[in-house]
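Let's take a walk through this protein, starting with one residue and working outward. Keep the viewer open and follow along.

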Amino acid sequence: MRFPFALTKKIASHIIKHKLKRTPKFAMVLQLEPLHTCNLTCTGCGRIREYSTNLKDMVPLEKCLAVAAECDAPMVSICGGEPLIYPKIEELVAGLLEQKRVLYICTNGVFMRKKMRDYLAVIYTPATEPTLKKLLAEKLITDKEADAIRNADGAAKKKVVIRPTQWMYWNVHVDGLEFTHDLIVEREGVFKECVEAIKMAKILGYQVATNTTVYRETQVAEIEDMFKFLSSLEVDGHTISPGYDYDAAKKDMAQRLGKDPQEFFLTRDMTRAKFAKIEEWGKAFTVFGTPVYQEFLAGKRELTCTAWAIPTYNIKGWKAPCYLMTDGHYDGYQEMLTKVNWEKYGVVNGVARDPRCEHCMVHCGYDPSGALGTNYQSGDNWKNFKYNFGTKPPPFPASPELAKRAFNGVTIGQGHLAEAKAAIKSPAADARGAFSTKEPQHEAHVGSHCGTSETAEPDAKKSA
C-alpha cells in the first residue's frame, strides 16, 4: 500500500461517518499552533510576522488537548512557530496519541536530533549498542552524546519522550536542495541538519514526511531532484504546495528585505505551470494528497475551497477563515463554522470571491476538497481508492551524483553568504570599512541573504 492501512482506514472511516450523518462541515486535519516562537525567520512565512507581538505566548497543554477533542479531527498537525520549542511538546504528543489522533510534528528539523537523543537515553540498554554504533559511524551523534545516552541519570530516564509509532510522522520542512532551502530559511547549514535528522529518525524507526512550498523562482528540475534525494533517504511521504502571498509575509519582504513580493510568490497560472508534472511525481514518489488535488494543481480541473476542513487553532483561538487569512478568531470550532460566511471566500468558476483568494491553490484549502468530493466528477472515488491502496513507489536509488546535486550550497563553499564571507575576509575589507552586499548569482535564487540566529532552545515562556 502507498500509505499505512491503519491510517488510511481511520481517515476513510471518519469521512464515511460524517457523510452518513450528513454533517455539512467537519474537520479533517487540525492545524494546532501551541506557540508562534521560532528559531528561524523563513522568507515567505507570515506566522512570526502576523503574531509578532505574541511570540512569548503559548497555548496551555490542557487547552491544546481540549481543542483537539472539540473538533475531533482524525489528524493533528502540530505546527507553529517551531513546535519543538514548546516546553510540553512531549506531553502534547503523548496526549494526542491517547486520543488516537494521527500526528504530524511540523518542524524545521533543527531540534529533532536532540529530541531523539532524549528518547535513546530513556530506552537505553546494552542491546541498544548496535544502534548507537551505527549512529556514531554515520556521524549522527558524537562520542560525547553517546556517552550521555549510556550514562543518563534517573531523572533523564523518567522523561516523557517522543517515541516511534505508526501514528506519528516527523514532518520536516524542506523547500528545495541545500542552496535554495538555506536561502529560504535564512540560515546556512539547516538543510544539512534536516538531512542528518531524517537519517537518524529512519535508523530509529520513526516515520518521516517532508513538506515543501514552491515559489516563483523554484526550478522544476530542482523539485524533481529534491524528491529523488529525499526518496533515496527512504522518507515515507511528501506534502507539496504552491507559495501563497500571505499579507504579513509580503509586508515583511518589502520592508525588511527590500524585495518585491510579486517576484517571490506564484500566480494561479504560474502554479499550474510549476505543477504540470505533479501527477508524474505522484506516481514516482509517495506524495500526500489526493489525485484529484493533483489534477487541480496541474490545471486540469477546478475545486472549491474547503478551508473549514483544515481549521487552525492558536494562541488567539480558532483562526478564520483559514490557515493563511485572518478575519477573526473564535472561541469554539462550531461557533466558527456557524458565524463565518464561507460563501465569501475561495474561487468559483475562475472568479475570486475575495481578492486575497485569487491566486491561492494551497493544500490546506483545496486538498480536502478532493477527498470530500465537493466538486465530484465521475471516477473520482476510484482514483482516490486506487491511489491510496496502490503500490508504494520504491525508494529512488542513492548515488554520489544525486548527493552532489543535493549539497550544492554551503557544503561546497557556495552558500548564500559566500560572497559576504569572502568580502569580510578580504584584505581590502578593513580599509574600505564595509563589504559588498551584492547578492550571489545562483540558478535557484529565491530569497534573501541574511545573518544567522541562535539555535539553542529558549527557556519556557509564559502560557497564554
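Leaving aside its neighbours within four places in sequence, which residues is E196 in contact with? The answer is R113 and L140. E196 itself sits in helix α10, which covers residues 190–204. Is this glutamate buried or exposed? It counts as buried because its relative accessible area is 18%, and the cut-off for buried is under 20%.

Before going further, a word on what you're looking at. This is a predicted model, and the mean pLDDT of the protein chain is 88, with 88% of residues reaching 70 or more. The stretch to be careful with is residues 432–464, where pLDDT stays under 50. The model does have 78 contacts beyond four places in sequence for that stretch. Still, where pLDDT is low, the predicted coordinates should not be read in detail.

Now zoom out. The chain has 464 residues, and buried ones make up 55% of them. Its secondary structure comes to 21 helices and 11 strands. If you take the contacts between residues at least 6 apart in sequence, 78% join residues at least 24 apart.

A good place to see how one helix is packed is α4, residues 89–98. Its buried residues are I89, E90, L92, V93, G95 and L96. What covers them? The cover includes strands β1 (29–32), β2 (75–78), β3 and β4 (168–173), along with helices α3 (61–71) and α5 (112–123).

Just past the end of α4 comes K100, in the loop between α4 and β3. K100 takes a positive phi of about 65 degrees although it is not a glycine. That is worth a second look, because most residues other than glycine have a negative phi. At 59% relative accessibility, K100 counts as exposed, since the cut-off for exposed is over 50%. Another lysine with a positive phi is K139, at about 60 degrees. You'll find K139 in the loop between α6 (129–137) and α7 (143–150), and with 68% relative accessibility it is exposed as well.

Follow the chain on from K100 into strand β3, residues 102–107, and you get to T107. This threonine is buried, with a relative accessible area of just 2%. What does T107 touch, apart from neighbours within four places in sequence? Its contacts are E82, L84, M112, W170, N171, V172 and H173. E82 is 25 residues away along the chain, and the two C-alpha atoms are separated by 5.9 Å. The side chain of T107 also reaches the backbone nitrogen of G109, at 3.0 Å.

While you're in this part of the chain, check the backbone at G81, in the loop between β2 and α4. The peptide bond from G80 to G81 is cis, with omega near 10 degrees. Another cis bond joins A320 to P321, again with omega near 10 degrees, and P321 belongs to strand β8, residues 317–321. Both are easy to flag, because most peptide bonds are trans.

For one more buried side chain, go back to helix α1 (residues 5–20), which holds H18. This histidine has a relative accessible area of 11%, so it counts as buried. Not counting residues up to four places away in sequence, H18 touches T23 and F26.

Finally, turn to the empty spaces. How many cavities of 30 Å³ or more does the structure hold? There is one, with a volume of about 30 Å³. Its lining is made of D175, G176, T212, T218, E222, I223 and M226. Helix α11 (residues 220–232) gives the most to that lining, with three residues. By class, the cavity lining has two nonpolar, three polar and two charged residues.

The second largest pocket has a volume of about 320 Å³. It is lined by 24 residues, and C305, T306, A307, W342 and Y345 lie nearest its centre. The largest share of this pocket's lining, three residues, comes from helix α17, residues 363–372. Sorted by class, the pocket lining has 15 nonpolar, five polar and four charged residues.

Technical notes. Residues numbered from 1 in each chain as written. Predicted model: local features only at pLDDT ≥ 70, side-chain atom pairs only at ≥ 80, totals over all residues. Heavy atoms only, no water. Helix = DSSP H or I, 4+ residues; strand = E, 2+ residues; numbered from the N terminus. Buried < 20%, exposed > 50% of the residue type's maximum accessible area, 1.4 Å probe, protein only. Contact = heavy atoms within 4.5 Å. Polar contact = N/O pair within 3.5 Å; in protein donor to acceptor, adjacent residues only side chain to side chain. 1 Å grid on protein atoms, 1.4 Å probe; cavity = no way out; pocket = protein on both sides within 12 Å on 5 of 7 lines; lining within 4 Å. Points joined across faces, edges and corners; volume = space filled by probe spheres on them. Nonpolar A, V, L, I, M, F, W, Y, C, P; charged D, E, K, R; others polar. pLDDT = per-residue confidence, 0-100.
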